[in-house]
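Student: I would like to learn how to read a model of this kind, one feature at a time. Could we begin with the ends of helices and work from there?

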Amino acid sequence: MMTGQEFAGYAVTRRLANGGMTYLFVGVDAQQNRVVIRRIKPEYLKDRRIRQSFLHGAEILSRIHHPNIVRLLKAGIYNDEPFTVVEYVESRNLRELIQRKDPLLNDNILTIMRQMAAALSCVHTAGFWHLDFKPENLIVRNDGLLILIDFDLAMERKPKPVKLSPLPGTFYYLPPETLAKSQVDDQTDIYAFGVTCYELLTGHKPYEGVTLEDAKKAQMDPNARPVRLKMHNVHVPVAMETLIFKCLAYRQEDRYPSMSLVMRDLETMV
């Protein structure tokens, strides 16, 4: 899509970014308000599963309202092409901030963690799983407001684990039981939250190796443990490290049972 073109009633002003299977464009509506237009990349347009997932994620997002979750403005099909329109947020990707060791993170670590937990807790309370929680899907405004985006893999929350094929998301953020049994539940998001917090504080993933396969094996090894956060960052409080390791525990029963309890413990920290 070239700048200056119109799409679904919006004037496109520039390309914003590429997602895994989507293009993002900045556009303006009839009132000259800026928006973000999400479109499926041409090579995926004929994949019925991807099209359904894309629009299903928009339907889920339309039912969730929270300051830390991106706001859906419109979704539909234009010229046989699914699209969604979400609010435009002047922000930076959390992955970029981590890689750059941005000062914004140093001053707002606990606030950012609390906002991450609040967003995920809201998703669960609304009756859904996000299933793709990672730094790439978190954006941060210059004033420190964090917003969770990309609900393409989200699904309705069930009382029991659900088996999925193919696996959702990125393996670094998937708990051992999901990697081994292809099952997802609340714990899938809780574990991903723990991985993201670990990265936020250290710039590293909990399990790393020379190859991706090395990292995956360590992640699935019941005897393996992540390197203590203090080995990467001496300023991490003990209580914060304990909370993150509880999210990352190998056994589900050793993890937090809900994001609301993660929020509770984060609120006690200073």
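Tutor: A polar contact is a pair of N or O atoms within 3.5 Å, where one must be able to donate a hydrogen and the other to accept it. Keep in mind that this is a predicted model. With that cut-off in hand, look at the N-terminal end of α1, which is capped by D47, a side-chain oxygen of that residue lying 3.0 Å from the backbone nitrogen of R49.

Student: Which residue does the corresponding job at the start of α5?

Tutor: At the start of α5 the residue is D185, whose side-chain oxygen reaches to within 2.9 Å of the backbone nitrogen of Q187. Beyond the other end, α5 is followed by G203, which has a positive phi near 80°.

Student: What span should the 14 residues of helix α1 have, and how far apart are its end C-alpha atoms?

Tutor: At 1.5 Å a residue, α1 (residues 48-61) should span 20 Å, and its end C-alpha atoms are 20 Å apart, which agrees. The 17 residues of α5 should span 24 Å by the same reckoning, and the separation of 25 Å between the end C-alpha atoms agrees as well.

Student: Which residues of α1 are buried, and what covers them?

Tutor: The general idea is that an α-helix has 3.6 residues a turn, so residues three or four places apart point the same way. In α1 the buried residues are I50, R51, F54, G57, A58, I60 and L61. Their cover includes the strands β3 (22-28), β4 (34-40), β5 (72-78) and β6 (81-87), together with β8 (128-129) and β11 (155-156).

Student: How many of the residues of α5 are buried?

Tutor: Buried means under 20% relative accessible area. In α5, 17 of the 17 residues are buried, so this helix is largely enclosed by the rest of the structure. Take Q187, which is found in α5 and counts as buried because its relative accessibility is 8%. The side chain of Q187 makes a polar contact of 3.3 Å with that of R255. Setting aside neighbours within four places in sequence, Q187 is in contact with P175, E177, Q252, R255, Y256 and P257.

Student: What does M116 touch, once its neighbours within four places in sequence are left aside?

Tutor: M116, a residue of helix α3, is buried, with a relative accessible area of 0%. Leaving those neighbours aside, M116 is in contact with L94, F133, L138, L146, F193, T196, C197 and L200. One of these partners, C197, is 81 residues away in sequence, although the C-alpha atoms of M116 and C197 are 8.9 Å apart in space.

Student: How should I read the second largest pocket, and which residues lie nearest its centre?

Tutor: Begin with its volume, which is about 530 Å³, and then turn to its lining of 24 residues, of which N106, I109, L200, L201 and N233 lie nearest the centre. The helices α2 (94-99), α3 (103-125) and α5 (186-202) each supply at least two residues of this lining, and α3 gives the most, with 7 residues. By character, the lining of this pocket divides into 10 nonpolar, 9 polar and 5 charged residues.

Student: How much space lies in the largest cavity, and which residues line it?

Tutor: A cavity, unlike a pocket, is a space where a 1.4 Å probe fits but cannot get out. The largest cavity holds about 60 Å³, and its lining consists of L131, D132, F133, K134, G169, T170, Y173, L174, T188, D189 and A192. These lining residues divide into 5 nonpolar, 3 polar and 3 charged.

Student: Where should I look for unusual backbone geometry?

Tutor: Most residues other than glycine have a negative phi, and most peptide bonds are trans. L131, in the loop between β8 and β9 (138-141), has a positive phi of about 70° although it is not a glycine, and this residue is buried, with a relative accessible area of 3%. D80 also has a positive phi, near 65°, and lies in the loop between β5 and β6, but D80 counts as exposed because its relative accessibility is 57%. Finally, the peptide bond from S165 to P166 is cis, with omega near 0°, and P166 lies in the loop between β12 (162-163) and α4.

Conventions:
Residues numbered from 1 in each chain as written. Heavy atoms only, no water. 1 Å grid on protein atoms, 1.4 Å probe; cavity = no way out; pocket = protein on both sides within 12 Å on 5 of 7 lines; lining within 4 Å. Points joined across faces, edges and corners; volume = space filled by probe spheres on them. Helix = DSSP H or I, 4+ residues; strand = E, 2+ residues; numbered from the N terminus. Nonpolar A, V, L, I, M, F, W, Y, C, P; charged D, E, K, R; others polar. Expected span 1.5 Å × (residues − 1). Buried < 20%, exposed > 50% of the residue type's maximum accessible area, 1.4 Å probe, protein only. Contact = heavy atoms within 4.5 Å.
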